[in-house]
Amino acid sequence: MVFRITLTLMKLLKILYHSLLFLRAIFLIIKLKKKIILIDIDFTLANHNYFKGINKLDLNKATINNSVIKTVNFYIKKKYKPIVFTARGLGSFNSISKFLEKNLIAFNSPILLLGNTKFKFYLIKILFLFNKRIVLVDDLSDLDFDSLDFKTFSLKDFNIYESNNFKHINPKSLWNYLII
């Protein structure tokens, strides 16, 4: 009985935690400029040498993806506001800040920690309501910590399609991606 109550309480706290992260992200983005570039961390801005079960996406061991840096700087020159946009939780704030500082990344951008990959897509849909121009730089994958395998998402899974106000750039294709 006590175990069930504790388990239910833990689930409620987890829902509250994710809800607060999500609401913080919404309020932050609403007050930003009309043009936004959202940059994922893992396997986008940070290159990981991930081997199943060995490296748990440690940013201290990650290297910087220079192609992503060049792409972000291109959009900054076009007056886009960069936002580090990750499914990591609050516990990752310091390691992300240190990673950005160590690699001399001076985007001067807020770090949005959403705690769940699916929340990224929900937030993008909400941004459409505020008529924001969005560029998403994201590999659209997520590490399942139970199986230690990767799941890849599609924007179409969430009914999100490229348009005049939305563009997706996959960092895996940046080596042959030409910005016009």
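**Exercise 1.** Which residues do ring pairs link into a cluster?

*Solution.* The model is predicted. Ring pairs join Phe 74, Tyr 75 and Tyr 80 into a cluster. The count of aromatic pairs in the protein comes to 3. One of them is formed by Tyr 75 and Tyr 80, with 5.2 Å centre to centre and 80 degrees between the planes. Planes over 60 degrees apart count as edge-to-face, and the pair of Tyr 75 and Tyr 80 is edge-to-face. Both Tyr 75 and Tyr 80 are buried.

**Exercise 2.** Classify the ring pair of Phe 119 and Tyr 122, then place both residues in the structure.

*Solution.* A pair of aromatic rings is described by the distance of the centres and the angle of the planes.

1. Distance: the ring centres of Phe 119 and Tyr 122 are 6.2 Å apart, and the cut-off for a pair is within 6.5 Å.
2. Angle: the planes of Phe 119 and Tyr 122 stand at 55 degrees, so this pair is tilted.
3. Position: Phe 119 and Tyr 122 lie 3 residues apart in helix H4 (residues 117-129), and are therefore separated by about one helical turn.
4. Exposure: Phe 119 has 18% relative accessibility and so counts as buried, whereas Tyr 122, at 36%, counts as partly exposed.

**Exercise 3.** Describe the protein as a whole by its secondary structure, burial and contacts.

*Solution.* The protein has 4 helices and 9 strands, in the sequence order α-β-β-β-α-β-α-β-α-β-β-β-β. Of its 180 residues, 44% count as buried. Among contacts with a separation of 6 or more, 75% come from residues 24 or more positions apart. The accessible surface is about 10,800 Å², and 59% of that surface belongs to carbon and sulfur atoms.

Terms used: Residues numbered from 1 in each chain as written. Predicted model: local features only at pLDDT ≥ 70, side-chain atom pairs only at ≥ 80, totals over all residues. Heavy atoms only, no water. Helix = DSSP H or I, 4+ residues; strand = E, 2+ residues; numbered from the N terminus. Buried < 20%, exposed > 50% of the residue type's maximum accessible area, 1.4 Å probe, protein only. Contact = heavy atoms within 4.5 Å. Areas by Shrake-Rupley, 256 points an atom, 1.4 Å probe, with all protein chains shown as cover. Phe/Tyr/Trp six-rings, centres within 6.5 Å; stacked < 30°, edge-to-face > 60°.
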